[in-house]
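With the model open in your viewer, please set the aromatic side chains to sticks and follow the stops below in order.

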Amino acid sequence: MTRNQMAPQKPNNVSLVNIGATEATIRWNIDGPPPGKTNYTVIVTGDSPAMNKTHIISGFSNRSFNTTELQEYWNYTLTVIASTIIGSNWSEPVTFKTNVSASGIVSKLSIAEGSGGDNYATAKVSWSLPGILERNGPIMGFIILQEEMVNGTFSEISKRNVTSVNDESYTYSTDFQVQREQLYRFNVSAYNGFDGKVSSMNFSASPVQPPPSVEALAGGIAGGAAALIVIVVIIVLWQRKRKNVKKASWLLDDATESNMENLIKVRKERPINLANFAEYVTDYHKDSNLKFSQEYEDLKAMSQQHAHEAADMEENRLKNRFVNILP
């Protein structure tokens, strides 16, 4: 009944036993008498960025709980809270650390080809520390295995140890000599007292590019020379065409200036008034048709202003009545 409920005593003697890499058993005690229906809240708080854990255990008589899925080699703070409907009481915090376990894979693994000779090259293997939640202990060093593909199977040909400097931003690297066009596999793992998970990457050095042959060089030179000649010819033809266009323009300007007076004179005499036509014809017949002859000569100069492409066509030349007068 509710009249028998009271606030619980403070949990005491909080301790941990059987601490492993990812789990631990929590124990505590509490003084009586029983305060009524009691629940215990066990809070396991990890240092960032690890996740926290909260467990609810029912029953006043319970005195232990096994927490799991903890982060390897990590600091935690433990608190036990006893609660009834009347109130709650907190234990003193207790700290503990989980144990070391094998680390996860290294980060930023890469292989770059370095300098070498005709038949061999250098493979530069680079990597960084595993992620902070993947180290699972203090990293002491790294193991790098070089394997070579032989008859379809990778076989170990060398092993190398690199000491860790435990710098978050540090990039580790080591060079291996490799034969060109031979397939290799490099396995890199971190060591923290346990052999860590392996990160692997295949690599094959590219073949040396042979120098260009004499024939190829000769062909390239000949091709370049031919292209240069074509460019020169195009420039020369273009310049000639440009000069011809300018010359034609000058001739047209000269013809226009020299014939301008004749054109003005003819335009002043045109059109002929019908009432004066008989008098006009009589006047032009004087002196053996002198004025008709002069007007005929004016046609030569004035005709340069008018197109005569049709009369110049091969099929029309025989149709022209005069060779020096083109319609």
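Select Arg63 together with Phe60 in this predicted model, and you will find Arg63 lying over the face of Phe60, at 4.9 Å from the ring centre. Move next to Lys97 and Tyr73, where Lys97 lies over the face of Tyr73, at 4.1 Å from the ring centre.

Now turn to rings that pair with other rings; a search of the whole structure finds seven aromatic pairs. Select Tyr76 and Phe96, whose ring centres are 5.6 Å apart and whose planes meet at 20°, and because planes under 30 degrees apart count as stacked, this pair is stacked. Colouring the strands shows that the pair links distant parts of the chain, since Tyr76 belongs to strand β6 (residues 75-83) and Phe96 to strand β8 (residues 94-97), 20 residues apart. If you add a surface, bear in mind that both Tyr76 and Phe96 are buried.

Select Trp127 and Phe142 next: the ring centres are 5.5 Å apart and the planes are at 70°, so this pair is edge-to-face. Trp127 lies in strand β10 (residues 120-128) and Phe142 in strand β11 (residues 141-150), so the pair ties together parts that are 15 residues apart in sequence. Are these two residues, Trp127 and Phe142, buried or exposed? Trp127 counts as buried at 0% relative accessibility, and Phe142 is buried as well, with a relative accessible area of 1%.

To finish, keep Trp127 and Phe142 selected and add Tyr170 and Tyr172, because ring pairs link these four residues into a cluster.

How values were computed: Residues are numbered from 1 along each chain as its sequence is written. This is a predicted model: local features need pLDDT of at least 70, side-chain atom pairs count only at pLDDT 80 or more; totals for chains, interfaces and linings use all residues. Side-chain values use heavy atoms; hydrogens and water are left out. Rings of Phe, Tyr and Trp (its six-membered ring) pair if their centres lie within 6.5 Å; planes under 30 degrees apart count as stacked, over 60 as edge-to-face and the rest as tilted. Helices (H or I, at least four residues) and strands (E, at least two) are DSSP runs, numbered from the N terminus. Buried means under 20% relative accessible area, exposed over 50%, partly exposed in between (1.4 Å probe, protein chains only). A charge sits over a ring if NZ of Lys or CZ of Arg is within 6 Å of the ring centre and within 35 degrees of the ring normal.
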